[in-house]
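The following exercises practise the reading of a protein model, from whole chains down to single residues. Please attempt each task before reading its solution.

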Amino acid sequence: MESELRRVVDALPGLVWTARPDGHIDFLNQRWCEYTGLSVEQALGADEAYGQGWLTAIHREDLPELVERWRSILASGEPREMEVRLRRFDGEYRWFLFRACPLADASGQVVKWCGMSTDIEDRRRAEEALHAPWWLRSSAREHHFRSIGDSIPALGALMTPAGEVELVNRQVLEYFGATLEELKGRAISHSFHPDDRPDVLARWRESVETGHSYDFEARLRRADGVYRWFHTRGFPLRDTEGRIVLWYLLHTDVDDRKRAEALLAGEKRLLEMVASGHSMSGILEALCQLVESTASGCYCSVVLVDPSGTHLEHGAAPSLPASFITAIIGRPVNVDSGPCAMASYLNEQVIAADLTSETRWAAYAWCPMALAHGLRACWSTPISSTAGKVLGAFALYYDEPRTPTLLEQSLIEQFTHIASIAVERVQNDAALKRSEAFFAEAQHLSRTGSFSWRVATDEITWSEQLYRIYELDPAVPLTSELIHSRIHPEDLPFICEMADRARGGDVVDFGYEHRLQMPDRSVKYLDMVARATRDPDGRLEYIGAVQDVTERRLSEEALGKVRSELAHVARVTSLGALTASIAHEVNQPLSGIITNAGTCLRMLAADPPNIDGARETARRTIRDGNRASDVITRLRALFSKKDATIESVDLNEATREVIALSLSELQRSRVILRAELADDLPPVTGDRVQLQQVILNLLRNASDAMSGVDDRPRQLVIRTGRDEGERVRLTVQDSGVGLEPQGADKLFEAFYTTKSSGMGIGLSVSRSIIESHHGRIWAAPNDGPGATFSFSIPRAPKSVTDTHGLGVIRMPVTAARRVMRSR
Amino acid sequence: MMVIRSLVSVVDDDESVRESLPDLLREFGFAVQAFSSAEEFLASDCVCRTRCLILDIAMPGMSGPDLQRELTLRRKEIPIVFITAHRDETVRPRLLEQGAVECLFKPFSDTALREALNAAFRVS
């Protein structure tokens, strides 16, 4: 029976097995062993692993689930089934349905599990095939592809593993304007831009051969012949065996991005050219080329408005014939001479879509000229500066009638903007360079250098000219030590003190004169002014200018010497003019002496001698002799050339002496002199003889001014008095010809004279003397006839230097001139 | 018998001259009157009595030549001896031409003055 049963079991069309209640397999039929190629012993296992050997034939992936499920089946005591893959003798796994049923005794206790495993591989395959992705099922491909592919915003295609077109979406058909059959019939490379074909083919071939995904950018030719940039990605789709069953290609239109990128790169290149100071023509030419490569099919030109704003100048037009450019350049900027001239004139865009029907610019026959060059359309847009000034015009020409699209308009706007930046920048650069050149030239001419000094960092910046003044090499870094090495040793302590004070920030403006001592021991005189400023971060910075005043200073010194000489000449000249007066002055007492002496002798010789009379005449003789002696003493003082001597001077007394010396001359000129000398006049400190020289000059000047006056008294009033501000004033008022208005401020200049005789140095010398006394001298017309000359000097100036002394003449001169002009 | 002395008038703004010259002239035997200005002389009663006028050239106000012209206008033909401390050789011939007896440059000797006076009285 058992063997009979065994035969039956072995013959069953399935793999039959039994297990103990604990799940250990204890029987496997013949077919099981044949299928798995395992012996019964192997399948059952031995010792510890008894009943588990069969598990070695289960697919590893299915094993954990099988063990788990088998455990739950045992626990349930119910019949159950599961699907697992069982390894065949040849190693191939096939799906089997495992069914297990419990065998219970009378008491319901499970005593055995009986199982049968059936090969369900073919059914599984059929099911899988039914549930497989559409692309794995060629019949479903087209349906699925249409429903998905047509809805994506890109060109999609399915390619065969060999790389040939199998299916395309609607967008592809529309883009290429071809049917699927036509596409299948043409070489793939045919769709691409000729320049891109070799690369596209090579990459595609590589992908097809290696199965690597495809990723490349290239231009695809649209139905209308226009090439647009696409980014193409291709993915291989494989079956479970890893075989490529098809390629999925996705072309994304990146033309706008590519153009934007190219444009951006072009703009960047142009702006770099602008920034690195390329020539205007070079920049504009590159601009035109960029435009032409961006907006294909056009010819680009830039014309500029000349500086006077009246005519067009050449900018750039790399692709237009020279004869066309020559015909445009030089045309007047108005509405009639052409589209660019019109656009520049009106500061408005001018579109001439078809030149054959264009009626404008007939006066200049512009259209026939353009047509003769094969041009049919012209769009001209003004190029404006940021300030709104028209710099020129940017024009696009086409050899067919055209109106700009929105895209083209935005491109034009972009390029016009770049052109304006380029032109404006180049023009500004040129202006800046000119201005810098002017500045440098001005610094050079005026021998003025400028500097800045950042106090916190001690950073010093000098202009070129300042280096020149200091005779230092601009390449050598500036340090305080280096600068100090040039400063005259005597001035150095002063400079250092000044710098210390400036560093403290308590000096806003300062200016001083100092000297440089050059390596060859020569001395330069510098005049420096500086002002404190704060930079945006609030740090202290001094900005200043330094002027080399060496020549001026030396000529001042020379002038001072000349003045001094002139003063002497003037005195000598006065001496000549005064000889008569001196003689008169001396002859008067001499005359008295001689007459008295003669009288005396006669009185003594009389009989009887007139002793009393003789004694009287002798006394008078002595008195007249003393008078003569006094005159000589005064003259000696006045006409001796000696350096300034500083003493306390009673201006009244000095004036009286001058009057005494001049009186006879004044009388001879029939001048009536009145002296109104203040009683309480304080003494002044100064050079008595020099001051007397001034008074004498003023008296002679007044007297001369009245020499032609016969219709009124030749009245001369000399006054002294206190002046405001601890000063003493002396005025000489005449009734002469008065001042010439245009000569008023020249009066005190050397060699200016209104007299036919005279050297014109008297007043000039007078001014030098008064200014060396820190005083001022001026002239003013009287209410009535004549003029009044005055000088005012401090009672006790801090110091008085000789007329050729340094630093004293300069400022007072201008002060005196200001006084002169205001009267 | 009282000797009528001829009157010589001196017009000079210089005090030394007005002091010294009259004494000398009196020594010569003349009657003398001294005036400090031309105006003073003209205002005096001496104009008609003066036989000789010793006249300074440069004076404030009316000068010597001015006085000479004034006297000519008044037809008072008094011989004039000009004196001056201003030694200008061009002045002398001009004054002589205009009728002056002499022009003496200060300082002058008593002899020169005497001769000039002699000449003046010869004229008169």
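**Exercise 1: The two chains**

Among contacts in chain A between residues at least 6 apart in sequence, 55% link residues that are at least 24 apart. The model is a predicted one.

Task. Describe chain A and chain B by their helices and strands, their buried residues and their accessible surface.

Solution.
- Step 1. Chain A contains 24 helices and 27 strands, and chain B contains five helices and five strands.
- Step 2. The elements of chain B, taken in sequence order, give the pattern β-α-β-α-β-α-β-α-β-α.
- Step 3. In chain A, 45% of the 823 residues are buried; in chain B, buried residues account for 54% of 124.
- Step 4. Chain A has an accessible surface of about 42,000 Å², and 54% of that belongs to carbon and sulfur atoms. Chain B exposes about 5,900 Å², with 48% supplied by carbon and sulfur atoms.
- Step 5. For chain B, 59% of the contacts between residues at least 6 apart in sequence join residues at least 24 apart.

**Exercise 2: A helix with two partners**

Task. Determine whether α10(A) runs roughly parallel or roughly antiparallel to α11(A), and do likewise for α15(A).

Solution.
- Step 1. Helix α10 of chain A spans residues 255-275 and helix α11 of chain A spans residues 280-294; their axes come within 10 Å and cross at roughly 175°.
- Step 2. Angles over 145 degrees count as roughly antiparallel, and therefore α10(A) is roughly antiparallel to α11(A).
- Step 3. Residues of α10(A) that meet α11(A) include Ala262(A), Leu263(A), Gly266(A) and Leu270(A), and their partners in α11(A) include Ile283(A), Ala286(A) and Leu290(A). Sorted by class, this contact has nine nonpolar, three polar and three charged residues.
- Step 4. Helix α15 of chain A covers residues 406-445; its axis and that of α10(A) are 9 Å apart, at an angle of about 10°.
- Step 5. Angles under 35 degrees count as roughly parallel, so α10(A) is roughly parallel to α15(A).
- Step 6. On the α10(A) side the contact includes Leu263(A), Leu270(A) and Val274(A), and on the α15(A) side it includes Phe415(A), Ile418(A) and Arg425(A). By class there are ten nonpolar, one polar and two charged residues in this contact.

**Exercise 3: Cysteines and a histidine**

Task. State how many disulfides are counted over all chains, and classify Cys33(A), Cys496(A) and His484(A) as buried, partly exposed or exposed.

Solution.
- Step 1. A disulfide is a covalent bond between the sulfur atoms of two cysteines. The count over all chains is zero disulfides.
- Step 2. Buried means under 20% relative accessible area, and exposed means over 50%.
- Step 3. Cys33(A) is buried because its relative accessibility is 10%, while Cys496(A), at 27%, is partly exposed.
- Step 4. His484(A) is placed in helix α17 of chain A, residues 480-484. With a relative accessible area of 28%, His484(A) is partly exposed.
- Step 5. Residues up to four places away in sequence aside, His484(A) touches Leu492(A) and Cys496(A). His484(A) and Cys496(A) are twelve residues apart along the chain, and their C-alpha atoms are separated by 8.8 Å.

**Exercise 4: The backbone**

Task. Identify where the cis peptide bonds of Pro608(A) and Pro107(B) lie, and examine the phi values of Glu471(A) and Glu726(A).

Solution.
- Step 1. Most residues other than glycine have a negative phi, and most peptide bonds are trans.
- Step 2. Asp607(A) and Pro608(A) are joined by a cis peptide bond with omega about 0°. Pro608(A) is located in the loop between α19 and α20 of chain A.
- Step 3. The bond from Lys106(B) to Pro107(B) is also cis, its omega being near -10°. Pro107(B) belongs to the loop between β5 and α5 of chain B.
- Step 4. Glu471(A) has a positive phi, near 55°, and sits in the loop between α16 and α17 of chain A. Glu471(A) is partly exposed because its relative accessible area is 43%.
- Step 5. Glu726(A) has a positive phi of about 55° and occupies the loop between β24 and β25 of chain A. Glu726(A), at 52% relative accessible area, is exposed.

Definitions and conventions:
Residues numbered from 1 in each chain as written. Chains lettered and ligands numbered in written order. Predicted model: local features only at pLDDT ≥ 70, side-chain atom pairs only at ≥ 80, totals over all residues. Heavy atoms only, no water. Helix = DSSP H or I, 4+ residues; strand = E, 2+ residues; numbered from the N terminus. Buried < 20%, exposed > 50% of the residue type's maximum accessible area, 1.4 Å probe, protein only. Contact = heavy atoms within 4.5 Å. Areas by Shrake-Rupley, 256 points an atom, 1.4 Å probe, with all protein chains shown as cover. Axes fitted to C-alpha atoms, helices over the stretch in contact; angles between N-to-C directions. Parallel < 35°, antiparallel > 145°, perpendicular 65-115°, else oblique. Nonpolar A, V, L, I, M, F, W, Y, C, P; charged D, E, K, R; others polar. Disulfide = S-S within 2.5 Å.
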